[in-house]
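Here's a quick tour of a protein with a ligand bound. Have the viewer open and follow along.

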Amino acid sequence: MKKEWWHNKVAYQIWPKSFQDSNGDGIGDIPGIISRLDDLRALGVDILWLSPVYCSPLADEGYDISDYYAVDPHFGTLEDLDRLIAEAKQRNMYLLMDLVVNHCSDEHYWFRQACADPEGPYGQFFYIEKHKPGDPMPCNWRGYFGGPVWDLLPGHEDYVYLHVFHKKQPDLNWENPQLRREVYKMINWWLDRGIAGFRIDAIINIKKVLPFRSYPADRPDGLCSVQRMLEEATGVLEFLDEMAEETFRKHDAFAIAELFDNKPEELPRFIGDKGCFSCIFDFAPEMLSKSPDGWMGAKEVTPDQWKHAVFTSQRLAKDTGFMANIIENHDEPRGVSRYIPEGERSETAKKMLGGLSFMLRGLPFLYQGQEIGMENTVFPTIDQADDCNTHGEYAAMLEAGLTPEEALAIVSRMSRDNARTPVQWTGEKNAGFTTGTPWYPINPNYRHINLEEQRQRPDSLWSFYRDLIALRRNEQWQETIVYGATEPWHEDESRLMAYYRRGPHTLLVLGNWQQEPREVQLPSVPQSILLSNLPDTQLEGASLHLRGYEFLILTLN
Ligand code: TEU
Ligand code: CA
């Protein structure tokens with residue numbers, strides 16, 4: 001595998017609306033991010049992915065873009081963004097923007113022009129179909145946020161348009177070379193501005209099975225998940241190769257894709273040495289909660305399921321390229337709430353989960369607040385939920401016969417809002433996020449989970465992540481930690497996650513994913529303990545006594 005500049009880095013996702021407010025309007029913004037760069041530098045992260053800050057009506061919290069070339073006033077100005085790029089560079093940090101080009105906003109100029117003249121050139125930028133009132137829609141797909149993917153074209157009774165996400169997110173028609181040229185022009189404009197690359201949104205969706213066809217309904221609503229279509233869609237890589245050739249490769253840009261429902265055999269074309277992307281996220285653990293019945297069918301993920309999912313991804317990628325390892329992001333509930341059983345979410349357990357993910361082969365990708373162990377929030381009523389997807393899932397659960405209380409309990413477990421509560425910087429008013437009224441309620445636990453308290457405590461979760469990152473940067477271990485093969489150890493032992501990292505050195509990473517202690521007979525007497533989440537490791541020769549949620553990195557040679 002060709003070595004790349006970003007391989008030994010650590011990445012961090014910022015969801016700007018909830019990161020840091022600087023002007024007291026209760027909404028996170030770019031000057032607020034700039035004011036926190038030194039905190040991020042102290043943690044040790046290098047690559048920063050900024051969720052969208054472009055002009056947007058925020059129907060899907062910025063993933064509905066109405067102007068790709070402008071910063072939304074909620075977040076600041078283009079000058080603020082230029083300053084962020086410069087300030088990050090000064091700290092040897094690299095900025096990624098979010099590339100959202102499966103769709104734009106229905107308030108984008110292109111879509112407004114399409115509504116004015118559906119048969120005109122901009123009408124071809126979208127999937128707009130003639131439709132006689134009363135006729136069935138062109139296909140019966142259900143969108144990601146629930147409901148049909150077709151709606152009447154605003155101002156028309158006899159045209160419909162496609163949106164696989166929110167109705168305010170009309171899909172862009174990638175079959176149209178003119179549209180693709182507009183997208184590439186915009187990508188290069190941002191790369192010329194000095195960003196290091198992009199995180200690429202929902203990109204598997206750009207290729208549809210055409211002409212539109214329906215599939216057998218998978219629920220009583222007569223619709224079928226759009227993902228059923230993706231199983232048959234072919235040819236997406238032609239578009240992606242063209243995009244990479246026209247943009248990323250010209251700038252040696254870092255391109256990390258959000259890829260769901262991709263075919264495993266295509267992985268080399270996505271992240272191989274000649275792949276269209278640098279990297280993709282490993283969503284295997286998150287996919288364990290997916291169900292054709294939506295959140296109602298979402299099962300709890302057990303430690304053994306998490307382990308096997310992650311090891312499968314490690315095996316899949318090992319000779320091909322790097323995946324990005326996460327425990328959470330802005331679309332998922334908080335990892336520590338999802339993967340550590342209720343009542344066992346100690347800092348020790350959070351360190352174990354973070355360490356097991358971080359030490360895998362690939363790019364460690366933290367999400368804002370993960371470094372201090374932020375947890376799911378509370379939903380007194382469904383009215384607290386901001387996220388359009390959460391409301392879609394809630395409605396579907398009521399439709400399916402769940403009581404509001406049952407549906408709300410599942411919302412509390414699964415909602416993306418859990419990851420979108422303001423970052424808890426201090427134990428003071430509004431957790432130091434804003435001097436105004438926060439746009440979303442602060443998680444009530446901010447007094448005992450916040451950065452200020454943890455930065456001063458050597459045994460805090462924040463300090464543990466800082467030490468993990470420093471270890472990855474350590475000359476002696478870097479080659480093994482970055483490129484060493486992952487080799488599971490005692491894979492079938494329940495609630496023990498252990499794996500070698502084999503490079504110039506051999507490391508053994510272990511996590512006892514339960515409260516109960518266990519005895520472990522190591523393959524040899526370790527030479528040293530590189531990092532642990534508990535003091536006073538109980539090791540006699542090669543016999544190790546692991547306490548509840550104990551995590552260790554041992555050197556074997
Ligand atoms: O998400 C794409 C996506 O398919 C999954 O994240 C999932 O279906 C969705 O989050 C519903 O839970 C990307 C962005 O990460 C997400 O925030 C946007 O809502 C979506 O695309 C549309 O742009
Ligand atoms: Ca603000």
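How far is an oxygen atom of ligand 1 from an N or O atom in the side chain of H330? The answer is 2.9 Å. Keep in mind that this is a predicted model.

## Polar contacts to the ligand

H330 has company. D201 also puts a side-chain N or O atom 2.9 Å from an oxygen atom of ligand 1. Then look at D331: one of its polar side-chain atoms lies 2.4 Å from a ligand 1 oxygen. Taken on its own, ligand 1 has 470 Å² of accessible area, and the protein covers 94% of that.

## The shell and the pocket

Step back a little and you'll find 17 residues surrounding ligand 1. D201 and D331 turn up again among the closest, alongside D60, R199 and R416. As for the make-up of this shell, seven of its residues are charged, six are nonpolar and four are polar.

And where does the ligand sit? The space that ligand 1 takes up is the largest pocket.

## Domains

Zooming out, the chain splits up into three pieces. Domain 1 is assembled from 11-103, 175-385 and 415-461, while domain 2 runs over 109-162 and domain 3 over 483-555.

Domains 1 and 3 touch each other: 25 residues of domain 1 are in contact with 30 residues of domain 3. Their centres, taken over C-alpha atoms, are 30 Å apart.

How values were computed. Residues are numbered from 1 along each chain as its sequence is written. Chains are lettered from A and ligands numbered from 1 in the order in which they are written. This is a predicted model: local features need pLDDT of at least 70, side-chain atom pairs count only at pLDDT 80 or more; totals for chains, interfaces and linings use all residues. Side-chain values use heavy atoms; hydrogens and water are left out. A residue is near a molecule or strand if one of its heavy atoms lies within 4 Å of it. A polar contact is a pair of N or O atoms within 3.5 Å; within protein, one must be able to donate a hydrogen and the other to accept it, and residues adjacent in sequence count only if both atoms are side-chain atoms. Accessible areas come from the Shrake-Rupley method with a 1.4 Å probe; for residues, only the protein chains shown count as cover. On a 1 Å grid over the protein atoms alone, a cavity is a set of points where a 1.4 Å probe fits but cannot get out, and a pocket is an open set with protein on both sides within 12 Å along at least five of seven lines; lining residues have an atom within 4 Å of a point. A molecule sits in a cavity or pocket if more than half of its atoms lie within 2 Å of its grid points. Ala, Val, Leu, Ile, Met, Phe, Trp, Tyr, Cys and Pro count as nonpolar, Asp, Glu, Lys and Arg as charged, and the others, Gly among them, as polar. Domain bounds come from an automatic or database domain assignment. Contact means heavy atoms within 4.5 Å.
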